[in-house]
Amino acid sequence: MSFVERLACSRCGTKYEPAENPVMCRKKDLGRLDVVYNYDEVSKRFNRRNLGSRESRDIWRYEELLPVSSGFAVRLGEGGTPLVHAQRLGAKLGMKKLYLKDDTRNPTASFKDRAMAVGSAKAVELKKRDVAIASSGNAAASLAAYSAGAGMRCHAFVPPDASAGKIAQLLLYGASITKCAQVKKGEDATVQAMLDAVDRFGYYPCPSFGPFNPYQVEGPKTIVYELYEQSGWEGSDAILVPTGSGCLLTGIWKGLRDLRELDLIRAYPRIVAVQPAGNRALVSAIQKGTPFEKIVPEPYPASVAGGLLDPYPWDGDAAMAGVRSTNGTGISVSDRDILRSVRELAAFEGIFAEPSGAAGLAGLQKVLEAGAIDRDERVVVLVTGSGLKEPDRVIEMFEGRNAGGVKRGSRNQP
Ligand SMILES: Cc1ncc(COP(=O)(O)O)c(C=O)c1O
Ligand SMILES: [Zn+2]
């Protein structure tokens, strides 16, 4: 049973009936079709007590707030990831209440499984045979896994330098892989190639940004529900979110609003968007107060955080609203800071993250220094992707290149 009431375009407001199953706004205005639920109906069965007695640990635990029935889903164990009390890292930073949401522990080793589980279930419901995605690798690898499980063909459009780990996943899950040109003058060739294929061959678009698939925000929002359940509904004062397209952050904001609508929480944690210095269009706009419509894509994005290199923040409108409404902020971090965070997550907490997945921690260190977060606050850092996808980075660090503060031959000491 679905509790979706309607979908509404984020740009022009056009409303769609759920039965229409729209994917993009018919006005082709790059608006995202936001999914609106009937909260009165949802609230009859979705409450703290009732949630506590549920057995499933995956994202389908929250089925009333998902736009598709679990009956269509391939279930690989997405979601239900640990919230780790980071005591050693916290001590180093002078914090007692630092928590890491370890989303490296998803079936294909990134948070994207939350989004792709939902997107692929919708494709199954609609009896699609072919799905298409533009991605630097994590989202594509994830969609490929769910497509394999559902017997769909996955067509992945990736940048030329997608990491070996992510390409290996795509190969093994049986995706067709098209390597596209590098981003040039802010144009993302992977997105263009995906849209062309959707037009020409009728593939179902399932990239991990909202304007080309409405369901991508809905999976990641389950992180928020888990954070509240795992903290005994205490939540946190701030959440740090590694950000590329802004879809994950939009999901965090949506999850918070869902819980507020249901009267399950009263206040919001501050959301902090973290981008690499070499691709920070969204964070700059947040810092300068530039309206979303005026954001220009980063012409030549560059960073060790390959998952955060979307030149344009497709979901930046909602991401900016989330940051603003929660009194949050945006921060950019250098590659050196990111690599130091990769190292610290492993050395202090035993978590092996890829650079994109560790950027949230780098952001925390900067906002602590800037005084935007107090050290006695309760803080959650999202750790979004596994280091096993990019082991070369680690080898490089220890060989002295891209050192991130690590000297050649230095022992694995924090
Ligand atoms: C590991 C990892 N973290 C964070 C992100 C950022 O997510 P979004 O593009 O939704 O902002 C990505 C996106 O690819 C990613 O791969
Ligand atoms: Zn529209």
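**Ligand 1 site and the α12/α13 packing**

In this predicted model, a polar side-chain atom of T384 lies 2.7 Å from a nitrogen atom of ligand 1 (polar contact: a pair of N or O atoms within 3.5 Å). The protein covers 97% of the 390 Å² of accessible area that ligand 1 has on its own (Shrake-Rupley method, 1.4 Å probe). The backbone also takes part. A backbone N or O atom of G307 is 3.0 Å from an oxygen atom of ligand 1. A polar backbone atom of C247 lies 3.2 Å from an oxygen atom of ligand 1.

The surroundings of ligand 1 comprise 17 residues, each with a heavy atom within 4 Å of the ligand. N138, G244, S245, L248 and T384 come nearest. By class, the shell holds 5 nonpolar, 9 polar and 3 charged residues (nonpolar: Ala, Val, Leu, Ile, Met, Phe, Trp, Tyr, Cys and Pro; charged: Asp, Glu, Lys and Arg; polar: the others, Gly among them).

Helices α12 (residues 335-349) and α13 (residues 355-370) have axes that come within 7 Å and cross at roughly 100 degrees. Helix α12 is therefore roughly perpendicular to α13 (65 to 115 degrees). Helices are DSSP runs (H or I) of at least four residues. Axes are lines fitted to C-alpha atoms over the stretch in contact, with angles from 0 to 180 degrees between N-to-C directions. Residues of α12 in the contact include I338, L339, V342 and L345; those of α13 include A358, L361, A362 and Q365 (contact: heavy atoms within 4.5 Å). This contact has 9 nonpolar, 2 polar and 4 charged residues.

Residues are numbered from 1 along each chain as its sequence is written, and chains are lettered from A and ligands numbered from 1 in the order in which they are written. Local features need pLDDT of at least 70, side-chain atom pairs count only at pLDDT 80 or more, and totals for chains, interfaces and linings use all residues, while side-chain values use heavy atoms, without hydrogens and water.

Note on methods
A polar contact is a pair of N or O atoms within 3.5 Å; within protein, one must be able to donate a hydrogen and the other to accept it, and residues adjacent in sequence count only if both atoms are side-chain atoms. Helices (H or I, at least four residues) and strands (E, at least two) are DSSP runs, numbered from the N terminus. Angles under 35 degrees count as roughly parallel, over 145 as roughly antiparallel, 65 to 115 as roughly perpendicular and the rest as oblique.
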